[in-house]
Amino acid sequence: MPNETTEKLREMAAHRGLKLVSSRRRKPGGDFGKYGLHDAAGEPVFGIGDDGLQASDEEIEDYLRGAASNAWSKSAGSVKARRKPGPEPKAAPKPRPKPRFKVKIENLLAKLPAAKRAEAFTELLARPGIRVERIVSRGQATPEDAPMVQDADEWVLLLEGAAGMRIEDSTEVKLGPGDHLLIAAGQKHWVTWTARDRATVWLAVHLG
C-alpha cells in the first residue's frame, strides 16, 4: 500500500501536470524505494534512466519544488532529458503567377535586307504623331536634282555603316555609328553617299 511520502509526492506531481512512478521491486540491484516522473504524454521527465527508477523521495520533492540540481540531468544515463520541440516547419513558398503575355524581342541589325538595288524601308512603329522606321542602304545616294523634303520633323540615327549628309545651305557632314541629327520639316536634304562594302543602317523617327 502506498505510504504517506509516496502519496504526498504523487499529489505534488499532479499539481504540476506530472505523474509519479514508484518501484516495488525488491530483488538485488533493483530500484525499490526509487521514484521517477512522467509527463502527461508518458515521456520521462526526471529520475528515470535506462536501468529503471533512480531518484530518491527527497530528490523528487526538490525537483517538484523547483530546486533540483542541473547535475542530475547531466550525470551519465541518470535522466532522460525532456525533448525540446523542433523549429516550426517553414511554409512552402507561393508559386509565382504565370505570365499573361510573352515579350517579343527583335533586333534592328538582324537579317538585314541586301538593299543592293534600292534602299529598304521597314516600318517599326506607327502611332498618332510618330512613326519609326529602319532604313538599310548600300551605296545609294540622293540625286542632286531630287532632294528629299518632308512635311514633318525627322530625327535620324545611324546605327551601322557610314554615310554623308547635306542639308540645304550647309556643308556635307560624315556620319558614323551612333551619330544622329534632326532634319526640320520643309528642309531640303541629300544623302550624298553611303558605304558600298557594307550595309548602312538608319533609325528614322518621323514626328508629327
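Trainee: How many salt bridges does the structure hold?

Mentor: The structure holds seven salt bridges, where a salt bridge is a side-chain nitrogen of Lys or Arg within 4 Å of a carboxyl oxygen of Asp or Glu. Keep in mind that this is a predicted model, where local features need pLDDT of at least 70, side-chain atom pairs count only at pLDDT 80 or more, and totals for chains, interfaces and linings use all residues. Residues are numbered from 1 along each chain as its sequence is written, and side-chain values use heavy atoms, with hydrogens and water left out.

Trainee: OK, which residue forms a salt bridge with Arg-65?

Mentor: Glu-61 does, and the closest N and O atoms are 3.1 Å apart. Lys-8 is linked with Glu-61 and Arg-65 in a network of salt bridges.

Trainee: Is Arg-65 buried or exposed?

Mentor: Arg-65 counts as exposed, at 53% relative accessibility. Buried means under 20% relative accessible area, exposed means over 50%, and partly exposed is in between, using a 1.4 Å probe and protein chains only.

Trainee: What about Glu-106, which residue is its salt bridge partner?

Mentor: That's Lys-104, with the closest N and O atoms 3.2 Å apart. Glu-106 is exposed at 61% relative accessibility, and Lys-104 is exposed at 69%.

Trainee: And Arg-131, what does it form a salt bridge with?

Mentor: Arg-131 goes with Glu-133, the closest N and O atoms being 3.3 Å apart. Arg-131 is partly exposed, with a relative accessible area of 31%, whereas Glu-133 is buried at 8%.

Trainee: Let's zoom out. What does the secondary structure come to?

Mentor: The chain has three helices and 13 strands. These are DSSP runs numbered from the N terminus, with helices being H or I of at least four residues and strands E of at least two. Of the 208 residues, 31% count as buried.

Trainee: What order do the strands take in the five-strand sheet?

Mentor: The order is β6-β7-β13-β8-β11, an open sheet with antiparallel pairing. Its edge strands are β6 (120-127) and β11 (180-183), each pairing on one side only. Two strands count as paired if DSSP finds at least two bridges between them.

Trainee: How many bridges does β13 have with β7 and β8?

Mentor: Strands β7 (residues 130-137) and β13 pair over eight bridges, in the antiparallel sense. Strand β8 (residues 153-160) and β13 pair over seven, again antiparallel.

Trainee: Which residues stand opposite each other there?

Mentor: On the β7 side, Ser-137 stands opposite Thr-200, and Glu-133 has Ala-204 as its bridge partner. That is the Glu-133 of the salt bridge with Arg-131. On the β8 side, the bridge partner of Leu-157 is Leu-203.

Trainee: Why is β13 largely enclosed?

Mentor: Seven of the eight residues of β13 (residues 200-207) are buried, so the strand is largely enclosed by the rest of the structure.

Trainee: Switching topic, what is the order of the three-strand sheet?

Mentor: That open sheet runs β1-β2-β3, with antiparallel pairing. The edge strands, each pairing on one side only, are β1 (19-22) and β3 (44-46). Strand β2 (residues 35-38) is joined to β3 by two bridges, and Leu-37 stands opposite Phe-46 in β3.

Trainee: Which residues does Thr-6 touch?

Mentor: Thr-6 lies in helix α1 (residues 4-15). Thr-6 touches Leu-20, Ser-22 and Tyr-35, leaving aside residues up to four places away in sequence; contact means heavy atoms within 4.5 Å. Thr-6 is buried, with a relative accessible area of 6%.

Trainee: Where does Ser-22 lie?

Mentor: Ser-22 is in strand β1 and is partly exposed, with a relative accessible area of 30%. Ser-22 touches several residues, among them Arg-10, Lys-34 and Leu-53.

Trainee: Last one: which residues form the nonpolar patch on the surface?

Mentor: Phe-101, Val-103 and Ile-105 do, with about 400 Å² of accessible area together. Patches are made of residues with over 30% relative accessible area and no salt bridge, with like charges joined within 9 Å and nonpolar side chains (Val, Leu, Ile, Met, Phe, Trp, Tyr) within 5 Å. The areas come from the Shrake-Rupley method with a 1.4 Å probe, and for residues only the protein chains shown count as cover. Val-103 sits in the loop between α3 (70-74) and β6, and counts as exposed at 59% relative accessibility.
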